[in-house]
Amino acid sequence: MFQYILSRLLYTFPIAIGVSLIVFALVHLAPGDPLSAVMGEVDQTMIAEMRASFGYDKPLPLQYMTWLGSVASGELGYSLRSGQAVLEILLSAAANTIALGVLASLLGFSVGIAAGMFAGYRNGTWLDKVVSASAIAGVSMPHYWLAIVLVIVFSVEWGLLPAVGAGSASSMFSWESFQHMILPTIALSAIPCAIVARTTRACVMEILSMEFVEALRARGLSESRITLHVTRNALPTVLAVMGLQFANLLGGSILVETVFAWPGTGSVLNQAIFDRDIPVLQGTILLLAMFFVVTNLVIDILQTWADPRVSRH
Amino acid sequence: MTAAAPHILSVQRLQKYFPVRSGLLGRASAWVQAVDDVSFEIAAGETLGVVGESGCGKSTTGRLLMRLIEPDAGQIRFEGKLVGRDLKVSDLRRSMQMVFQDSYASLNPRLAVADSIAFGPQTHGMPRERAIGRARELLGMVGLEPSQFERRYPHELSGGQRQRVNFARALALDPKLIILDEAVSALDKSVEAQVLNLLVELKKNLGLTYLFISHDLNVVQYVSDRVLVMYLGKVAEVGPVDAIYGAPQHPYTRALLDSRPSMDPEIRVEHPPLTGDPPNPINPPSGCRFRTRCPHAEAVCQTQEPDLRPAHGAPGHLVACHMRRAGSGHSQAAPLVRFGDREPSR
Amino acid sequence: MSNSEQSTVRVSLDTPGAVGSAPGMDVPVGYAQARSYWRGVFHRVLRDRVTIGCTLVLGLLVFLAIAAPVLPLIDPDVANSGDRLLPIGSPGHLLGTDELGRDMLSRLIHGARLSLLMGVGPVAVALLVGGVLGLTAGYLGGRTNMIIMRITDVFYAFPSILLAVAIAGALGAGITNALVAITIVFIPPITRVVESVTTQLRSMDFIDAARASGASTFSIIRTHILGNVLGPVLVYATVLVSVAIVIAAGLSFIGLGASPPEAEWGLMLNTLRQSIFLAPWISLLPGLMIFITSMCFNLISDGLRSAMDVRY
Ligand SMILES: Nc1ncnc2c1ncn2[C@@H]1O[C@H](COP(=O)(O)OP(=O)(O)OP(=O)(O)O)[C@@H](O)[C@H]1O
Ligand code: SF4
Ligand SMILES: [Mg+2]
């Protein structure tokens with residue numbers, strides 16, 4: 001077990017390097033000069049000076065090494081647009097994104113697991129059919145569209161909830177902030193909910209059809225004890241899927257954040273793309289991808305830990 | 001066997017170590033000594049049985065002969081021609097074919113039976129029409145009515161029928177030698193007998209030579225002219241079937257024979273039966289690889305590896321055991337026979 | 001993948017509904033109506049009403065998209081400031097008009113051209129590239145496999161939407177750039193699936209039997225691997241199209257794909273978003289199209305999966 005964790009940790013290292021390479025390369029795919037895009041028609045000598053100060057005149061491998069070195073020491077540079085430290089921008093944005101991600105996970109996973117369990121147990125009934133159909137709808141859902149639907153229904157038509165923004169409350173735990181989070185949370189939870197429901201249903205059905213369940217029944221075990229067995233056996237798979245979905249929520253929330261003008265990493269990314277604000281762009285993508293890598297690492301370890309088939313020494 | 005029969009296949013010092021990869025870079029951290037220094041010959045027209053416990057390297061030997069995996073070392077001569085130098089691997093594969101244990105996995109599930117059989121000839125340039133015709137002919141030869149079977153898919157056949165199709169495919173290129181790797185092991189006893197009879201008949205009619213791999217000693221006894229006993233990648237003993245079954249020289253062969261269910265209460269438990277699992281082929285025991293399970297193991301068995309030497313009795317009977325080698329230092333070995341001495345009588 | 005839960009595939013080489021073979025009897029069991037695998041799949045699909053329904057819907061959509069220029073539709077690009085945001089069911093404008101007074105029905109149908117292209121095109125290209133990479137990695141194994149799959153792993157470290165946005169963002173707005181971005185996003189998952197299936201097949205004895213008959217690598221892949229890889233990969237690619245349609249429209253939605261005045265569902269959704277207080281229901285139409293299309297592909301994939309008995 002320990003050895004597995006160690007090798008998994010070691011394996012993460014080259015992946016992280018690869019990710020940083022891609023992030024670096026992405027930015028240099030961009031046509032044109034990052035600075036002239038930001039600064040427009042200004043004095044050429046001034047641009048040259050700026051290029052030198054940002055290091056954009058150095059050869060690419062050297063730029064990469066320099067960048068990697070500063071990233072490793074937690075230094076993500078400064079926004080070309082506002083001059084604010086990228087790390088600072090990202091920290092507050094990340095807090096907002098994580099808040100939404102956690103809420104959406106809680107909602108999506110609990111509903112998804114419950115629906116999936118019911119559907120799996122009542123396989124073939126109308127309940128199962130409703131769940132399966134909703135799940136298919138959920139995975140096919142353009143979630144940014146769902147966001148608009150929610151805004152139309154709850155804000156425009158019924159005027160119940162605010163349509164955009166995060167509110168002006170200073171604390172994230174106030175009622176006002178919470179109200180602002182309800183719609184984005186629901187919009188974001190659709191896909192994870194559907195996927196978790198499908199996975200849970202499939203797992204439960206597969207386990208229930210296995211011989212050992214028959215054997216347990218034959219031994220006169222109560223249904224609740226059998227459910228316990230089913231849960232234990234479904235856990236690793238469902239856990240893995242949940243982890244992946246959580247990571248996706250953090251990295252893939254850009255579209256929904258755009259709809260709700262939610263001040264998270266997605267909005268920062270969106271803004272940076274249109275400003276061609278290279279340091280912010282690099283920093284955001286890197287942060288989100290690293291989030292994803294680390295989450296995957298944690299899931300893998302958790303999954304090994306939860307899997308009854310893997311022996312633990 | 002007559003010693004004068006020309007060898008269709010001769011194998012010298014064949015070796016294959018599989019790397020055990022681990023770590024990030026996938027470097028080999030250890031080696032499975034699957035086949036180690038294996039030499040033997042097969043005479044044209046005979047059936048050489050190969051027996052041994054699971055994992056002793058029987059299949060690997062077969063695949064090495066077919067060059068499905070590359071040997072690390074060793075020479076293979078087919079009809080006297082050195083494979084790789086005098087004989088191209090592609091030509092070898094026309095003259096030598098292989099039938100695998102899992103009749104289902106050895107047929108492409110998406111191809112009709114006739115197409116599977118015709119694939120080989122088509123590969124060698126036979127037009128499709130003729131190749132299918134040939135496939136039909138072969139189906140008939142293996143006892144499957146062509147009109148009824150040619151368009152079937154593997155899942156529409158029983159295990160025995162599938163294995164017959166596999167024989168037909170192996171025969172499609174007119175090979176001289178066929179390697180049968182556990183070809184009947186997965187079949188029910190009654191079916192096994194029918195298929196074995198088919199094999200014997202085909203061999204007789206087509207003048208084939210078989211390398212018959214199996215862990216079933218009774219089956220091997222039934223079909224083989226000579227038998228080769230493998231243990232952990234090495235040849236323990238090889239010789240005429242009657243000598244191996246009637247007067248086994250290697251303690252491992254004896255243990256194998258004793259551990260098979262016998263109908264005859266006379267021949268029972270003179271020697272302790274084989275117990276425990278074979279050791280790990282990654283780090284096989286030093287000296288004689290069988291010593292960890294051998295009731296006769298002595299100091300010499302740990303330090304020196306016994307090589308394959310003629311045993312007393314039948315000509316062509318070879319054994320790798322210190323007990324059978326005069327002057328080896330084993331307490332049960334005969335004293336060294338010096339020049340001029342008479343052969344010691346035991 | 002953000003919208004699909006699978007990363008590995010188990011291939012089943014059994015055919016559902018196969019004629020049972022009687023164990024223990026080496027004599028012909030009944031006369032089996034021999035039928036090719038693909039014919040069997042086709043027959044099972046024909047019996048699946050949901051799949052047929054979805055295929056018809058998509059077929060109609062594709063037909064409309066292709067025929068759009070010759071259909072008797074109002075010009076999708078003609079703005080009319082007098083007819084802004086007419087409600088659904090208005091005379092002359094069956095589905096109303098958008099914020100510039102352009103006919104919604106016409107724009108939705110014309111929009112299908114770009115939206116379908118941006119969903120199907122990248123997956124098709126990714127299928128080619130990922131297919132070749134996956135076959136190579138799976139068939140050759142060893143070091144080649146390791147190099148290809150480790151690179152794939154790196155791309156897997158990005159959520160698919162993020163990767164698409166990042167690449168498209170870096171390349172800049174525009175349809176071509178969006179197409180490139182989405183294609184790159186889908187190459188790794190296809191490579192993985194093809195590799196996983198090929199690796200499984202590679203270890204099966206029928207491949208060794210084919211090698212033993214002297215066939216070249218190329219002919220083995222063509223005759224023995226492709227036919228077995230095709231099923232699971234087709235099922236998977238269909239799911240990916242459903243994801244691609246959502247992502248492609250999403251890119252246009254945030255301004256990275258199509259640009260005004262082009263008719264494209266994601267872009268339409270974005271521009272109509274400003275009008276949700278004035279004409280809420282009309283602004284939902286483009287999204288509904290994305291949803292329906294994506295769902296059809298998803299349902300078809302499900303149908304194919306059970307018809308082919310591919311197990312994820
Ligand atoms: N491709 C391979 N890579 C690594 N190790 C292998 C490979 N093929 C075989 N081995 C190892 O080589 C040894 C010999 O295997 P082989 O299949 O030849 O045995 P066998 O005698 O045919 O056994 P069985 O009776 O079970 O078929 C085993 O320890 C096996 O694990
Ligand atoms: S050499 Fe020694 S250990 Fe090996 S079989 Fe003979 S007696 Fe036993
Ligand atoms: Mg074997």
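Which residue forms a salt bridge with B:D86? The partner is B:R85, and the closest N and O atoms of the two are 3.0 Å apart. Keep in mind that you're looking at a predicted model. In it, B:R85 is exposed, with a relative accessible area of 61%, while B:D86 is partly exposed at 39%.

That pair has plenty of company: over all chains, the count comes to 26 salt bridges. Stay with chain B for a moment and look at B:D37, which pairs with B:R13 at 2.9 Å between the closest N and O atoms. This one links distant parts of the chain, since B:D37 sits in strand β2 (residues 27–43) and B:R13 in strand β1 (residues 7–22), 24 residues apart. B:D37 counts as partly exposed, with 31% relative accessibility, and B:R13 is exposed at 55%.

Now hop over to the helices of chain B. B:R128 and B:D115 form a salt bridge too, with their closest N and O atoms 3.1 Å apart. Here the link runs between helix α4 (residues 128–141), home of B:R128, and helix α3 (residues 113–123), home of B:D115. B:D115 has a relative accessible area of just 15%, so it counts as buried, whereas B:R128 is partly exposed at 42%. Chain B also holds a network of salt bridges, which links B:D36, B:K234, B:R289 and B:E305.

Before leaving chain B, find ligand 2. There are 14 residues around it, and those that come nearest are B:C288, B:C294, B:C301, B:C321 and B:H322. Sorted by class, this shell has nine nonpolar, four polar and one charged residues.

Chain A is built another way. Its secondary structure comes to 13 helices and zero strands. Of its 313 residues, 48% count as buried. Take the contacts in chain A between residues at least 6 apart in sequence, and 73% of them join residues at least 24 apart.

Finally, see where chain A meets chain C. The contact takes 48 residues from chain A and 47 from chain C, and the area buried between them is about 4,300 Å², with carbon and sulfur atoms giving 75%. There is one salt bridge between the two chains: the side chains of C:D302 and A:R198 meet at 3.1 Å, N to O. Nine residue pairs are in polar contact. Several helices of chain A supply at least two residues each to this side, among them α1 (2–29) and α8 (175–208). Helix α7(A) gives the most, with nine residues. By class, the side of chain A that touches chain C has 35 nonpolar, 10 polar and three charged residues.

How values were computed: Residues are numbered from 1 along each chain as its sequence is written. Chains are lettered from A and ligands numbered from 1 in the order in which they are written. This is a predicted model: local features need pLDDT of at least 70, side-chain atom pairs count only at pLDDT 80 or more; totals for chains, interfaces and linings use all residues. Side-chain values use heavy atoms; hydrogens and water are left out. Contact means heavy atoms within 4.5 Å. Buried area is the accessible area (1.4 Å probe) that two parts lose on being put together, summed over both. A salt bridge is a side-chain nitrogen of Lys or Arg within 4 Å of a carboxyl oxygen of Asp or Glu. A polar contact is a pair of N or O atoms within 3.5 Å; within protein, one must be able to donate a hydrogen and the other to accept it, and residues adjacent in sequence count only if both atoms are side-chain atoms. Helices (H or I, at least four residues) and strands (E, at least two) are DSSP runs, numbered from the N terminus. Ala, Val, Leu, Ile, Met, Phe, Trp, Tyr, Cys and Pro count as nonpolar, Asp, Glu, Lys and Arg as charged, and the others, Gly among them, as polar. A residue is near a molecule or strand if one of its heavy atoms lies within 4 Å of it. Buried means under 20% relative accessible area, exposed over 50%, partly exposed in between (1.4 Å probe, protein chains only).
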